[in-house]
Amino acid sequence: MGLDRPICSSSALKAPFLYHNYKQISYNPKMQKAPLLATMAEMSEEKSETLVEEEQNKKKKRKKAKEKIKEEEIQVKIETLGENPNKVSPFVGYFPSGFDPLKNQATAAGEPPRATVRVFRHEKRTNRLQLVVSPNNGFQVDFVGTNYSGEATAPQLCTYALGVLDKQLQTLKIVPIASNKIFRLEPRVAGLDSSVKEPSKEEELTTQKKFEKIEALDDLFGTKKAINRNKKRKLIRREEDPQAKENLESKFEGVKINKEALESAGLHSSRNTPPHDSSATTPQMAYPLDKIILKGEWDYLVDILELFQDGAEIAPDGYPSFICNRIHRLESIEDEVEKKRLACVFSYINHLVKFKDKYSMEGVSSAKHHKIPSILSQKFSTMFGYSDKKRLEDEKRDLLISYVLVLTLIADGFRTAVSDITKDLRLDSVRVKSHFENLGCKLMFKNKVLLATLPVPLVFPKPKYKHKPKR
């Protein structure tokens, strides 16, 4: 047989290959869906059965867990214990590195592993504690924790306690831990100084320094009440300081006390009078001009003299009537020094009156455009101490009026008419009279004009005290 001859023809293969041992099945698409639906229903039933079994198993496990929990529940009596000064509270610490101090302990046979625990307390600051744990593992390492440094200095918003449960006695004791801190145990080399370095004295603030800093803040940004309170405290401290008292006593040793000067100083402060000498024999020495107008101020008071020399008019709307009614006297004075002296006195009176008007309810408009030299403005602000309320205090205003009245006496040769300056100061005659009397002046009428003179030596009126009515 040749290789290219087929084994059998196609006709011979048809009968045995198609029909031998096989039955003919007719195909119907509608009949094909029935077995598929049956198999899907069987699969869903099997899945539902498995899910039910799993849920049942879960319920059984939950029941067993609940039964176990019920078995462990016990009724206990809770006791809360406070701190006892005679006993040390328990210490609680932890190892942030995860170190186990009882692992790999070098102990004798049959003995449980142990670690040495020591507690140290500061000698002076007894509230500072230090916990040292030394594991017995052959390594020269100690674990140290404190309640005053590191993590312990962070703000703490809770309270720690330790609970001890006794199942036999059915009691739960809650005990506060030492210093209400959990000690963070950090490794330290054994044998060296295991104490944690305390902050230096420069960084550490004592209570006195803290108090001083708070006082400084109150002085800068505090209320008036706080500022006045701090001033009183400072005065009390000075009085109670023994060293300051010793220094004062040593300074006053051998010093002669002039009682008359003290009395005159007291009267000066009570009457608000300018610098004076009550024992002077002449009016010029009673109120010396060089004590009122200082040496460096004369060069800033030549404005009226320059206007007079230029022939300018000194109008009443810009200057007090006291000056306008006496400016003509400069023409009759031949001595240039005396002329300059009187013109400077007029200028000083003008600045004082404008300063009063500027810081009072009346006459603000008259002083609106007036310029006071800076040297005098600073002096007036210090002497008469105006506040932020834009109004002078009563005592300071009276002192300013006394300065003006003394200068009017000097300008008129210690015999002056009261009417002009009364108008300029916007006062009534009764108040002006009392001011002149407090300066030691005498008042009298001449040709229906009220005049004030200054006799020497100065005699001040005695202070009048108001007696309370008897009940």
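This briefing covers surface charge, strand pairing, backbone geometry and salt bridges in one structure. The model is predicted. Helix H2 spans residues 29–72, and strand S12 spans residues 449–453. The structure holds 12 salt bridges, and three of the pairs are described below together with a network.

**Charged patches on the surface**

- A patch of positive charge on the surface gathers Lys58, Lys59, Lys60, Lys61, Arg62, Lys63 and Lys64.
- Lys58, one of the residues in that patch, belongs to helix H2.
- The relative accessible area of Lys58 is 52%, so Lys58 is exposed; the cut-off for exposed is over 50%.
- Glu49, Glu53, Glu54 and Glu55 form a negative surface patch.
- Glu54, one of the residues in the negative patch, is also found in helix H2.
- Glu54 has a relative accessible area of 47% and is therefore partly exposed.

**Strand S12 and its partners**

- Strand S12 is largely enclosed by the rest of the structure, because 4 of its 5 residues are buried.
- Strand S10 (residues 415–417) pairs with S12 in the antiparallel sense, over 3 bridges.
- Within the pairing of S10 and S12, Ala417 stands opposite Leu451.
- Strand S11 (residues 442–446) also runs antiparallel to S12, and 5 bridges join the two.
- On the S11 side, Leu443 stands opposite Ala452 in S12.
- S11 and S12 form a hairpin with 2 residues between the strands.
- Asn447 in this hairpin takes a positive phi near 55°.
- In a regular strand, side chains alternate between the two faces of the sheet.

**Backbone geometry elsewhere**

- The segment after S12 contains Pro457.
- The peptide bond leading from Val456 to Pro457 is cis, and its omega is near -5°.
- Gln170 is not a glycine, yet its phi is positive, at about 55°.
- Gln170 sits in the loop between strand S6 (161–166) and strand S7 (171–176).
- With a relative accessibility of 39%, Gln170 counts as partly exposed.
- Phe414 also is not a glycine and has a positive phi, of about 65°.
- The loop between helix H14 (394–411) and S10 holds Phe414.
- Phe414 counts as buried, because its relative accessibility is 9% and the cut-off for buried is under 20%.

**Salt bridge between Asp142 and Arg118**

- Side chains of opposite charge can pair when their charged atoms come close.
- Asp142 and Arg118 form a salt bridge in which the closest N and O atoms are 3.8 Å apart.
- This pair links distant parts of the chain, with Asp142 in strand S5 (residues 141–146) and Arg118 in strand S3 (residues 115–121), 24 residues apart.
- Asp142 counts as buried at 11% relative accessibility, whereas Arg118 is partly exposed, with a relative accessible area of 35%.

**Salt bridge between Asp412 and Arg326**

- Asp412 and Arg326 meet through their side chains in a salt bridge of 3.0 Å, N to O.
- Asp412 lies in the loop between H14 and S10, while Arg326 lies in the loop between helix H10 (321–324) and helix H11 (329–332), so this salt bridge ties together parts that are 86 residues apart in sequence.
- Asp412 is buried, with a relative accessible area of 15%.
- Arg326 is buried as well, with a relative accessible area of 8%.
- Asp412 and Arg326 belong to a network of salt bridges that also includes Arg329 and Asp420.

**Salt bridge between Arg431 and Asp398**

- Arg431 forms a salt bridge with Asp398, and the closest N and O atoms are 3.9 Å apart.
- Arg431 lies in helix H16 (residues 429–438) and Asp398 in helix H14, so the pair ties together parts that are 33 residues apart in sequence.
- Arg431 is partly exposed, with a relative accessible area of 31%.
- Asp398 counts as partly exposed at 21% relative accessibility.

Note on methods. Residues numbered from 1 in each chain as written. Predicted model: local features only at pLDDT ≥ 70, side-chain atom pairs only at ≥ 80, totals over all residues. Heavy atoms only, no water. Patch = residues over 30% accessible without salt bridge, like charges linked within 9 Å, V, L, I, M, F, W, Y side chains within 5 Å. Areas by Shrake-Rupley, 256 points an atom, 1.4 Å probe, with all protein chains shown as cover. Salt bridge = Lys/Arg side-chain N within 4 Å of Asp/Glu carboxyl O. Lys, Arg positive; Asp, Glu negative; His and termini not counted. Charge placed at Lys NZ, Arg CZ, Asp CG, Glu CD. Buried < 20%, exposed > 50% of the residue type's maximum accessible area, 1.4 Å probe, protein only. Pairing = 2+ DSSP bridges.
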